[in-house]
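Good morning, and thank you for coming. I would like to take you through one protein structure step by step, and I ask that you keep the picture in view while I speak.

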Amino acid sequence: MSRRHAAAASLALFDGAALATVAPRYVAGVDEAGRGPLAGPVAVAAVVFCPDRPRLNGLDDSKQLTALRRDQLFDRIQQRALAFHVVMVDVAEIDSLNIYQATMLGMRRAVEAVAHVAQFARIDGNVVPKGLPCPAQALVGGDALDRAIMAASILAKVSRDRYMLQLHEQHPEYGFDQHKGYGTPAHLAALRTHGPCPHHRRSFAPVRDCLDSALVAAG
């Protein structure tokens with residue numbers, strides 16, 4: 001079975017909401033970027049396209065596109081979308097809630113922001129966040145299947161990458177412009193040399209271990 005067909009077979013409805021008898025016309029695609037990095041926020045985007053407008057060509061999972069192509073599509077998505085919203089869940093909330101719950105919170109906030117037009121939400125992944133303002137569906141591999149989810153993945157990825165470039169200007173010693181906060185060897189080496197900055201996720205093991213080592217050395 002192909003990845004696309006396997007993902008389609010994994011389509012699952014959560015949260016007890018029944019699908020409407022007539023398929024909803026205005027569907028919010030929802031995706032995130034930045035669950036794995038050691039620093040920076042997790043970004044979540046929601047995008048609603050109007051089915052009566054021409055389809056936007058070139059959409060794909062953001063991970064399959066070059067940075068240049070993502071940047072080009074970023075503006076076009078915002079121009080073409082009926083509604084869109086990007087949420088940044090900051091490090092304080094990530095450390096307080098844990099990354100999973102912070103991502104769920106970001107998804108809920110993103111859907112709430114487009115709920116004035118969205119009749120339904122389709123979430124990339126296998127879980128629907130609780131408390132959404134509309135019925136919702138989880139779609140495993142949705143960023144390769146659903147155009148609104150593809151668009152959301154691009155908005156989330158580009159927004160977060162640009163945010164990390166701003167953090168690089170504040171803290172150039174970590175190389176955020178290169179790895180965007182992911183735990184690359186260069187980033188881990190910078191952590192050991194400089195210790196964490198306020199934008200590092202202290203609930204993540206490599207950052208926590210670095211802090212523990214510093215305490216041991218100081219003691």
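I shall begin with the overall layout, then turn to two helices, a few single residues and a pocket.

Please bear in mind throughout that this is a predicted model. The protein has 219 residues, and 47% of them count as buried. Its secondary structure consists of 8 helices and 5 strands. Going along the sequence, these elements come in the order α-β-β-α-β-α-α-β-β-α-α-α-α. How do contacts connect parts of the chain that are far apart in sequence? Among contacts between residues at least 6 apart in sequence, 65% join residues at least 24 apart.

Let us now consider helix α4, which covers residues 99–114. Does its length fit what one would expect, or depart from it? The helix has 16 residues, and at 1.5 Å a residue these should span 22 Å; the C-alpha atoms at its ends are 23 Å apart, which agrees. Several residues of α4 are buried, among them Ile99, Met104, Leu105, Met107 and Val111. Against what do the buried residues of α4 pack? Their partners are the strands β1 (27–33), β2 (42–48), β3 (83–89) and β4 (120–124), together with α3 (91–97).

The start of this helix deserves a moment. Asn98 lies in the loop between α3 and α4, and Asn98 caps the N-terminal end of α4. A side-chain oxygen of Asn98 is 3.0 Å from the backbone nitrogen of Tyr100. The backbone of Asn98 also has a positive phi, about 95°, although this residue is not a glycine. Is Asn98 buried, exposed or partly exposed? Its relative accessibility is 38%, which lies between the limits of 20% and 50%, so Asn98 counts as partly exposed.

A second residue other than glycine with a positive phi is Lys180, where the value is near 55°. Lys180 is placed in the loop between α6 (176–179) and α7 (185–194). Here the relative accessible area is 15%; because this is under 20%, Lys180 is buried.

Helix α2 allows the length check to be repeated. This helix, residues 67–80, has 14 residues and reaches 20 Å from its first C-alpha to its last, close to the 20 Å expected at 1.5 Å a residue. Within α2, Arg70, Leu73, Phe74 and Ile77 are buried. The cover over these buried residues includes β2 and α5.

Helix α5, residues 147–170, contains Ser153. With a relative accessible area of 1%, Ser153 is buried. What does Ser153 touch, leaving aside residues up to four places away in sequence? It touches Asp31, Asp60, Asp61, Ser62 and Asp143. With Ser62 there is a contact to the backbone: the side chain of Ser153 reaches the backbone nitrogen of Ser62 at 3.2 Å.

Finally, we come to the empty space. Rolling a probe the size of a water molecule over the atoms shows where such space is left. The largest pocket holds about 320 Å³. Which residues lie nearest the centre of this pocket? Of the 15 residues that line it, they are Phe49, Cys50, Pro51, Arg147 and Ala148. By character, the lining divides into 8 nonpolar and 7 charged residues, with no polar ones.

That concludes my presentation, and I thank you for your attention.

Methods
Residues numbered from 1 in each chain as written. Predicted model: local features only at pLDDT ≥ 70, side-chain atom pairs only at ≥ 80, totals over all residues. Heavy atoms only, no water. Helix = DSSP H or I, 4+ residues; strand = E, 2+ residues; numbered from the N terminus. Expected span 1.5 Å × (residues − 1). Buried < 20%, exposed > 50% of the residue type's maximum accessible area, 1.4 Å probe, protein only. Contact = heavy atoms within 4.5 Å. Polar contact = N/O pair within 3.5 Å; in protein donor to acceptor, adjacent residues only side chain to side chain. 1 Å grid on protein atoms, 1.4 Å probe; cavity = no way out; pocket = protein on both sides within 12 Å on 5 of 7 lines; lining within 4 Å. Points joined across faces, edges and corners; volume = space filled by probe spheres on them. Nonpolar A, V, L, I, M, F, W, Y, C, P; charged D, E, K, R; others polar.
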